[in-house]
Amino acid sequence: MKRISSFLIVAALIAGMAGCVGVGGSGGGNGESYILTILSTAGGSITTPGEGNFTYAEGEVVNLLAEPEEGYHFVNWTGNVSTIANVNSALTAITTDDSYSIRANFLEGSSIPLGINYTEAEVEELIIVLVNDERQPSDLCTLSEDSLLTSLAKEHSISMVENNFFCHQRYPGERPFSYGQPYGTIRGENIAMIPTRTVIPGSYLSLQEVCEWAATGWMNSTGHRENILRPVFTETGVGVSFSDGGDYLYITQIFEGAY
């Protein structure tokens, strides 16, 4: 049986720490600019940087994140994909050396193994409920869900699965932890890797069981507990990704509030 979790807290006290300039790009600047057209099939969307036509400098590296809808799974990127780092990864990057058109492809049918009767979205929702339940006895405010924090958390969980690592450090191609962080705010982060069953092979744990395992583990750890019960935190975002084969859930929760 294996359970791993970790926590992080970072404050943004100066404007220079408030995040990246632009959306998901870095590098470039040689004078030329190109059009990147990003499309998707039915069953999902590109949340980073979005869908449509974008202008980038020559050599600019653009982060890509494709997210399937419930009941679908990501397949690959097609089109002008010669400079995409990994065409089979939902979280990847493309270098704009020319004008390109790319498409994220999704197929109907879940990639979740048979026997697991809950979705990543349901885990994300229940984690927020359980964390808010832990805050209630201390008369702390209910954390509201923030779309940017959710997107960053989801991106990190997917990245940990696809790049086979477990830590707070962002993998190359991910947006930084402080991305979009407003001036004068503080952020915290809890991560966990929770097994979906206690014995392999064996029956899968329920939605309630895996979420309580994560929340209880955090509350029994000083650093994680401090993040959950920190009075200044008012917003949160949770992102979850199943490991390949579905034996583990990678969970990232990011907190934010005025410093």
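The following legends describe close-up views of a predicted model.

**Figure 1. Arg 175 and Glu 155 form a salt bridge between a loop and helix α2.** The structure holds seven salt bridges. In the pair shown here, the closest N and O atoms of Arg 175 and Glu 155 are 2.9 Å apart. Arg 175 belongs to the loop between α2 (147–162) and β11 (185–195), whereas Glu 155 sits in helix α2, so the contact ties together parts that are 20 residues apart in sequence. Both partners, Arg 175 and Glu 155, are buried.

**Figure 2. Arg 170 pairs with Glu 189 in a salt bridge.** The closest N and O atoms of the two side chains are 2.6 Å apart. Because Arg 170 lies in the loop between α2 and β11 and Glu 189 in strand β11, the pair ties together parts that are 19 residues apart in sequence. Arg 170 is buried, as is Glu 189.

**Figure 3. A salt bridge joins Glu 256 to Arg 187.** Here the closest N and O atoms are 2.7 Å apart. The pair links distant parts of the chain, with Glu 256 in strand β13 (residues 248–258) and Arg 187 in strand β11, 69 residues apart. Glu 256 has a relative accessible area of 6% and is therefore buried. Arg 187 is also buried, with a relative accessible area of 1%. Side chains of opposite charge can pair when their charged atoms come close.

**Figure 4. Asp 146 and Glu 256 are separated by 110 residues in sequence and by 9.1 Å in space, C-alpha to C-alpha.** Asp 146 occupies the loop between β10 and α2. With a relative accessible area of 18%, Asp 146 falls under the 20% limit and so counts as buried. Glu 256, in strand β13, is buried as well, at 6%.

**Figure 5. Glu 120, Glu 124 and Lys 154 are linked in a network of salt bridges.** Within this network, Glu 124 is a residue of helix α1. Its relative accessible area of 14% makes Glu 124 buried. The C-alpha atom of Glu 124 is separated by 8.2 Å from that of Ile 251, a residue 127 positions away along the chain.

**Figure 6. Four glutamates gather in a patch of negative charge on the surface.** The patch consists of Glu 70, Glu 122, Glu 125 and Glu 145. Among these residues, Glu 125 lies in helix α1 (residues 120–135). Glu 125 has a relative accessible area of 54%, which means that this residue is exposed, the cut-off being over 50%.

**Figure 7. Helix α3 spans residues 207–219.** At 1.5 Å a residue, the 13 residues of α3 should span 18 Å, and the end C-alpha atoms are indeed 18 Å apart. The buried residues of this helix are Val 210, Cys 211, Trp 213, Ala 214, Ala 215, Gly 217, Trp 218 and Met 219. An α-helix has 3.6 residues a turn, so residues three or four places apart point the same way.

**Figure 8. A cis peptide bond joins Thr 48 and Pro 49.** The omega angle of this bond is about 0°. Pro 49 is placed in the loop between β4 (44–48) and β5 (52–57). Most residues other than glycine have a negative phi, and most peptide bonds are trans.

**Figure 9. Asp 139 and Asn 164 have positive phi values.** For Asp 139, which is not a glycine, phi is about 55°. This residue is found in the loop between α1 and β10 (144–145). Asp 139 counts as exposed because its relative accessibility is 71%. Asn 164, likewise a residue other than glycine, has a phi near 55°. Asn 164 is placed in the loop between α2 and β11. At 67% relative accessibility, Asn 164 also counts as exposed.

**Figure 10. Thr 198 and Asp 247 are 9.6 Å apart in space, C-alpha to C-alpha.** In sequence, 49 residues separate Thr 198 from Asp 247. Thr 198 is located in the loop between β11 and α3. Its relative accessibility of 39% makes Thr 198 partly exposed.

Methods. Residues numbered from 1 in each chain as written. Predicted model: local features only at pLDDT ≥ 70, side-chain atom pairs only at ≥ 80, totals over all residues. Heavy atoms only, no water. Patch = residues over 30% accessible without salt bridge, like charges linked within 9 Å, V, L, I, M, F, W, Y side chains within 5 Å. Areas by Shrake-Rupley, 256 points an atom, 1.4 Å probe, with all protein chains shown as cover. Lys, Arg positive; Asp, Glu negative; His and termini not counted. Charge placed at Lys NZ, Arg CZ, Asp CG, Glu CD. Helix = DSSP H or I, 4+ residues; strand = E, 2+ residues; numbered from the N terminus. Buried < 20%, exposed > 50% of the residue type's maximum accessible area, 1.4 Å probe, protein only. Expected span 1.5 Å × (residues − 1).
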